[in-house]
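Thanks for asking me to look this one over. Have the structure open beside you as you go through the points below.

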Amino acid sequence: MLIGYARVSTHDQQPRSQIEALEHAGCTKIFTDEGISGAAVFKPKLVEALAYARPGEDTLVVWKLDRLSRSMRDLIETVEAMKAKGIGLRSIKESVIDTTSAAGNLIFQIFGAFAEFERGTNHERTMAGIAAAQRAGTRFGRPPSINDAQWAKAKEYLEADPPARINDIAVLIGVSRQAIYRRLERDKAPAAAR
């Protein structure tokens, strides 16, 4: 059985042309999401359509692949989940996409390989960018809760005779008590390592 799925992004768009194309393709049941973006993670009528489909028997038909998702990664994950359940996919506009045929499944696997390659190269570029930024002196993570100037002032108060209390120092230099304690511990650690 062919099950249709249509989606429009905004409430003022009409899904009629998609529905007519799905009916013409032979869909006997059609599910429609209205006002749902392609980037949306949850598409309620798509979930309904996939729950309605019988494993090993039914095929989900869409007007275009972008009705399922705007990202290649999400699209591939959706189709992989469909394949695991034994539900086929057919696209009217991209007629080469028909996972129920060997040729259509091959095309989709090629798309998947390209998407995997893109993820890998994006990761490599990100790691190379982070490494270059670190070599240039960029620090990542949270900024220190007490800067060097504040710490120098705190040390003056700590080394005074008599030493000031941690609570008072924290108020005077505008940091938390915990920031002073952490910095004290951090400064002790390298000395202990030597």
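**Notes on helix 3 and the sheet**

1. A good place to start is the end of helix 3: the residue that follows this helix is Gly-86, and its phi is positive, near 80°. Please keep in mind that this is a predicted model.

2. Now the helix itself. Helix 3 covers residues 72-85, and at 1.5 Å a residue its 14 residues should span 20 Å; the end C-alpha atoms are 20 Å apart, so the two agree.

3. Which residues of helix 3 are buried? They are Leu-75, Ile-76, Thr-78, Val-79 and Met-82. Looking down the axis of helix 3, you will find the buried residues within an arc of 160°, so they line one face of the helix. Their cover includes helix 2 (44-52) and helix 4 (102-135), along with strand 3 (59-62) and strand 4 (88-91).

4. Next, the sheet. It is open and has four strands, ordered 2-1-3-4 with parallel pairing. Strand 2 (29-34) and strand 4 are the edge strands, each pairing on one side only. From one strand to the next, the twist averages 25°.

5. For a closer look at one pairing, take strand 1 (residues 2-8) and strand 3: they run parallel and are joined by four bridges. Gly-4 has Val-61 of strand 3 as its bridge partner.

6. Two helices are worth viewing against the sheet. Helix 1 (residues 16-24) lies across strand 1, strand 2 and strand 3, and runs at about 170° to strand 1. Helix 2 also packs on the sheet, where it touches strand 1, strand 2 and strand 3; the direction of helix 2 makes about 160° with that of strand 2.

Conventions: Residues are numbered from 1 along each chain as its sequence is written. This is a predicted model: local features need pLDDT of at least 70, side-chain atom pairs count only at pLDDT 80 or more; totals for chains, interfaces and linings use all residues. Side-chain values use heavy atoms; hydrogens and water are left out. The expected span of a helix is 1.5 Å times one less than its number of residues. Buried means under 20% relative accessible area, exposed over 50%, partly exposed in between (1.4 Å probe, protein chains only). The arc is that of the directions from the helix axis to the C-beta atoms. Contact means heavy atoms within 4.5 Å. Two strands pair if DSSP finds at least two bridges between them. Axes are lines fitted to C-alpha atoms, for helices over the stretch in contact, and angles run from 0 to 180 degrees between N-to-C directions.
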